[in-house]
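User: I'm new to this structure and I keep running into labels. Could you walk me through what's behind them?

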Amino acid sequence: MYGFINTCLKSLVVEKFGEETWEKLRIQAEVEDTFMTYEVYDDVITLRLVKEACKMLNVSSEVVLKLFGEYFFSFCKMSGYDRMLRTLGGNLMEFIENLDALHSYLALSYQEMNAPSFRVERREDGKMLLHYYSDRRGLCHIVPGIIEAVAKDFFNSQVSMTILNQSEEEERTGKKEHVVFLVIQKTHLVKRKARPAGGTSTDKTHDKEEMEEALRKMKAKYSALPHCSGRRTHWEILRSIVMFGQGNLVSSFTPFYPSKLWIEEKAFCNAFPFHIVFDGALRVKQSGVNIQKFVPGLQTMDIQLNEYFSIIHPQVTFTIDSIKKFINSQFVLKTRREMMPESSKNQPMLKLRGQMLWMDALGCMVYLCSPKLRSLQELEERGMHIADIAQHDTTRDLILLNQQRLAEIELSNQLERKKEELRILSRTLEVEKKKTETLLYAMLPRHVANQLKEGKKVEAGEFKECTILFSDVVTFTNICAACEPIQIVNMLNSMYSKFDRLTSIHDVYKVETIGDAYMVVGGVPIPADSHAERVANFALGMRIAAREVTNPITGDPIQIRVGIHTGPVLAGVVGEKMPRYCLFGDTVNTASRMESHGVPNHIHLSPTSYRALENKGFEISERGEIEVKGKGRMSTFFLLKNLQASEDEIMGRELKEPLLSVEDKEETADGGDDDTMEAESRRLGAAVQEKSQGTTLPPGGDLSNEAINSKFCHLL
């Protein structure tokens, strides 16, 4: 309620003075000394806001709260309660009498709701007395705003309300504010258009003719009635003359009561199995058959009703006077556990819900009620059956309909749980998909992997020039013979992890590893003019990284041989079950020969690689002519170092970009394609750090062309 008041105040202040004024007002109300004592902090702040807003708007707090009442009524209609409010009663008094029932219904959904209570009395002069009870003080001026808006909107009438009395009394739990309003209602009647004074004789003649015509029709209907010799009741005469559906019969309806009650006592107790009749002293005079079954103590004559029941709603003291005050409210009674039989004390207590009716002639109150049950589970917990509820009682339908609703809610909850599980599985699947894609991109070039994912056939591609590197560990066979397998695995893992990192730094493509052999290529699968420089820098980094890997036999750094050759290759995907990206051509064989005929801790270059690196900022020494198996005499070279880069730069300890020559750096600055490929290559290199594995090369590294193409041309 206080949140609504704050909203109303904010809209009033902002509309007239702006947003900044409202913020100042709110802050001032929070720091101002308390002008009233409240237990709830929000209540204090709200009433301070009301006080300060009244000063600012130059109006009284009663005006602000009354405006809020009108706003609250409009808000309820806009929130979907319009039809429910319209059907509460046919007139203003019935509407007010049923407000408590509406609050009871809403309390099922809003369990923390602390709604006020309304009680209305009609005086002899036709005016009404409205009793307003609330646990909060200071909000009574909202009521006139609500009631006047309801009367105007629903009942086309004008209402004026004045406070007759305002006090505190113990009506429910603790002291409550009790305000009595005098309500004067004036109905707006639709008036006929008045004829102008001094009307013409033609108008008077026309009115006379209309009256005579109406009398003739009524007389004709009366004459057409069939003759009946017997005496007819006034209801039969009325039904024969009045045409139902025409005219306003509701306002002139008077109920007819029989001279005696045509029902026997036993039939009444069976028809209303959960009723109780008690007198002004709360002594039970009569009760239904089923309530006696579940509360056996009521069979004792003149037992006190408040000994076996307590009033849950409305929260009034259990006296006949308090019940009379709230006679139009729905009463909920609950059995006292200490008065129940031992067999029923462990069960949930029975709740009854119904209406109180005062019988003046007998001086007794009749409580027509039924069990307050919402589901079959509650029915079973109390040891009851559907048959215990009267057939005319809608509680039967409510239980079954609510059970169906609970089943639908449970089904909806199951669907929500399944949806949540699917969402979790979808997220998990997405994570696994990314892992799979990462692994796939580590095994195959990205564009090749994407084509395979789409089910396309990857055509082989010819690369006119690329640079291939092979490396192996010196005396690897002897190391394997003298060490435990786990030591070999640890050594290779340490070495390959460092090499993999370098592939990302220098943007070269790792083809495969077989045992101690490591193969990379530059310019494949993405062509690049700087392929030779990239591979050369990578080779220099390999030599530096190898010094950080220990020989498990001697404890000294391991030694590697590196061979590089530049030339054309043919690349493509081979196989369907385990597709592999293969390199074909004599360039692969020659690069392997450069490695196998190399010198420990040296980078052996072929003549074509030397020409590709010449004048690119590298220091290269000539080895001279050597006999290369399958190739004859060749003039080869040793790559010593990069003259333009330090060791830290080559290892990527300072630079994050691939290490290129001066010419390549200028080319890269002109376009962004290389940057994208470099970043992607780094990501691929990081993804495969722990994926490197293979088989041992034969001792000596002397391989045929077939062995080279079969073992070194596939990506694992």
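User: Where is F476 found, and why does F476 count as buried?

Analyst: F476 is found in helix α17, which covers residues 476–482. One thing up front: this is a predicted model. The label buried needs under 20% relative accessible area. F476 has 4% relative accessibility, so F476 counts as buried. Its C-alpha atom is separated by 7.2 Å from that of D516, although the two are 40 residues apart along the chain.

User: And what makes L65 buried?

Analyst: Same kind of check. L65 comes out at 3% relative accessibility, and the cut-off is under 20%, so L65 counts as buried. You'll find L65 in helix α4 (residues 61–86). In space, L65 and G138 are 9.3 Å apart, C-alpha to C-alpha, with their positions 73 residues apart in sequence.

User: Why is L570 called partly exposed?

Analyst: Partly exposed runs between the buried cut-off of 20% and the exposed cut-off of 50%. L570 has 38% relative accessibility, so L570 counts as partly exposed. L570 sits in strand β14 (residues 560–574). Together with V574 and F584, L570 makes a nonpolar surface patch of about 230 Å².

User: How do you know that β14 pairs with β15?

Analyst: Pairing takes at least two bridges between the strands. Five bridges join β14 to β15 (residues 580–584), and the strands run antiparallel. One example is V574, whose bridge partner in β15 is R580. The two strands form a hairpin with five residues between them, and G575 in the turn has a positive phi of about 95°.

User: What makes D279 and K285 a salt bridge?

Analyst: A side-chain nitrogen of Lys or Arg has to be within 4 Å of a carboxyl oxygen of Asp or Glu. For D279 and K285 the closest N and O atoms are 3.8 Å apart, and the pair forms a salt bridge. The partners get their own burial labels: D279 has a relative accessible area of 8%, so D279 is buried, while K285, with 38%, is partly exposed.

User: What about K510 and D500? How far apart are their closest N and O atoms?

Analyst: They are 3.1 Å apart, and K510 forms a salt bridge with D500. K510 lies in strand β12 (residues 509–514) and D500 in helix α18 (residues 485–506), so the pair ties together parts that are ten residues apart in sequence. K510 is buried, and so is D500.

User: Why is β12 described as largely enclosed?

Analyst: Six of the six residues of β12 are buried, so β12 is largely enclosed by the rest of the structure. Five bridges join β12 to strand β13 (residues 517–522), and the strands run antiparallel. In β13, Y518 is the bridge partner of T513. The two strands form a hairpin with two residues between them, and G515 in the turn has a positive phi of about 65°.

User: Why does helix α20 get that description too?

Analyst: Ten of the eleven residues of helix α20 (residues 586–596) are buried, so α20 is largely enclosed by the rest of the structure. Among the buried ones are T587, R593 and E595.

User: Why is R633 called exposed, and which residue is its salt-bridge partner?

Analyst: Exposed means over 50%. At 52% relative accessibility, R633 counts as exposed. E625 is the partner, with the closest N and O atoms 3.7 Å apart. Elsewhere, salt bridges that share partners join K77, D82, R86 and D153 into one network. A search of the whole structure finds 27 salt bridges.

User: How do you know that R543 has no salt bridge?

Analyst: The limit is 4 Å. The nearest side chain of opposite charge to R543 is E647, 8.3 Å away, and R543 is buried yet has no salt bridge. R543 lies in helix α19 (residues 531–546). Leaving aside neighbours within four places in sequence, R543 is in contact with I560, N601, I603, L639 and L640.

User: And the whole protein: how many helices and strands are there, and what share of residues is buried?

Analyst: There are 25 helices and 18 strands, and 40% of the 716 residues count as buried.

Conventions. Residues numbered from 1 in each chain as written. Predicted model: local features only at pLDDT ≥ 70, side-chain atom pairs only at ≥ 80, totals over all residues. Heavy atoms only, no water. Patch = residues over 30% accessible without salt bridge, like charges linked within 9 Å, V, L, I, M, F, W, Y side chains within 5 Å. Areas by Shrake-Rupley, 256 points an atom, 1.4 Å probe, with all protein chains shown as cover. Helix = DSSP H or I, 4+ residues; strand = E, 2+ residues; numbered from the N terminus. Buried < 20%, exposed > 50% of the residue type's maximum accessible area, 1.4 Å probe, protein only. Lys, Arg positive; Asp, Glu negative; His and termini not counted. Contact = heavy atoms within 4.5 Å.
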